[in-house]
Amino acid sequence: MAHYLLHINGASLHVAAPSDETLLSVLRNRLDLTGAKYGCGEGQCGACTVLIDGVPTRSCLIPVSAVGGAKIVTIEGLGQDGQLTPVQQAFVEEGALQCGYCTSGMVLRATALLRETPQPGHEQIVHAMDGNLCRCGTYPRIVAAVQLAARLQARAVPPEGARR
Ligand code: FES
Ligand code: FES
């Protein structure tokens, strides 16, 4: 067992785990952060996606020993003060989920996309979300949710001239 200090959702957390234990396992089984899901365990589905220093990352592939010092965000860390983010709100409004197993990974992937590209075109959304699989086939609604999130996000940001 080794000891790690992880920076997750704005908190610094101590955890003891074998160095080769995956980040996904540590999140779910040692820290009770169960939003990231175990789908394939092989990097194929994206259900385990978290943000590491802002980059969508498959936590089933990365050992906990590799993430010390990085800022990790899981789905539990997205909303603040009980408020949903525009992406979360859009997924709800568009009904972009069925069983919900893929949803935390989808939301985090979409969050990273909209940070990089605030107004993505349809093809950019499809391309960015391509590696995240939804067994329920809600892809059209997921794309619609990302489009709506872009609009909600734009509304939330005051126009340049209005900023102080
Ligand atoms: S569980 Fe990590 S990619 Fe499928
Ligand atoms: S909503 Fe069921 S896997 Fe996507």
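**Close-up views of a predicted model**

**Figure 1. Strand 1 and its partner in strand 5.** In this predicted model, His 7 has Lys 71 of strand 5 as its bridge partner. Strand 1 and strand 5 run parallel and are joined by two bridges.

**Figure 2. The hairpin of strand 1 and strand 2.** Strand 1, residues 2-8, also pairs with strand 2, residues 11-17; this pairing is antiparallel and extends over seven bridges. Towards one part of the ladder, His 3 stands opposite Ala 16 of strand 2. Elsewhere in the pairing, Ile 8 has Ala 11 of strand 2 as its bridge partner. Two residues lie between the strands of this hairpin, and Asn 9 adopts a positive phi near 55°.

**Figure 3. Helix 3 and its surroundings.** Helix 3 comprises the 14 residues 103-116. At 1.5 Å a residue, a helix of this length should span 20 Å, and the end C-alpha atoms of helix 3 are indeed 20 Å apart, so the two values agree. Of the 14 residues, 12 are buried, and helix 3 is therefore largely enclosed by the rest of the structure. Among the buried residues are Thr 103, Met 106, Val 107, Leu 108, Arg 109 and Leu 113. The buried residues of helix 3 pack against three strands and three helices, namely strand 3 (49-52), strand 4 (55-58), strand 5 (71-73), helix 2 (86-94), helix 4 (122-129) and helix 5 (139-156). Strand 5, shown in Figure 1 beside strand 1, is thus also one of the elements against which helix 3 packs.

**Figure 4. The largest pocket.** The largest pocket holds about 170 Å³ of space. Its lining is formed by Val 73, Gly 77, Leu 78, Gln 80, Thr 85, Pro 86, Val 87, Thr 111, Arg 115 and Gln 153. Helix 2 and helix 3 are the elements that contribute two or more residues to this lining. Thr 111, one of the lining residues, is also among the buried residues of helix 3.

**Figure 5. Two cysteines in contrasting surroundings.** Cys 45 has a relative accessibility of 9% and, because this is under the 20% limit, counts as buried. Cys 99 has a relative accessible area of 57%, which is over 50%, and is therefore exposed. A disulfide is a covalent bond between the sulfur atoms of two cysteines. The structure holds zero disulfides.

Key: Residues are numbered from 1 along each chain as its sequence is written. Chains are lettered from A and ligands numbered from 1 in the order in which they are written. This is a predicted model: local features need pLDDT of at least 70, side-chain atom pairs count only at pLDDT 80 or more; totals for chains, interfaces and linings use all residues. Side-chain values use heavy atoms; hydrogens and water are left out. Two strands pair if DSSP finds at least two bridges between them. Helices (H or I, at least four residues) and strands (E, at least two) are DSSP runs, numbered from the N terminus. A disulfide is a pair of cysteine sulfur atoms within 2.5 Å. Buried means under 20% relative accessible area, exposed over 50%, partly exposed in between (1.4 Å probe, protein chains only). The expected span of a helix is 1.5 Å times one less than its number of residues. Contact means heavy atoms within 4.5 Å. On a 1 Å grid over the protein atoms alone, a cavity is a set of points where a 1.4 Å probe fits but cannot get out, and a pocket is an open set with protein on both sides within 12 Å along at least five of seven lines; lining residues have an atom within 4 Å of a point. Grid points are joined across faces, edges and corners, and a volume is the space filled by probe spheres set on the points.
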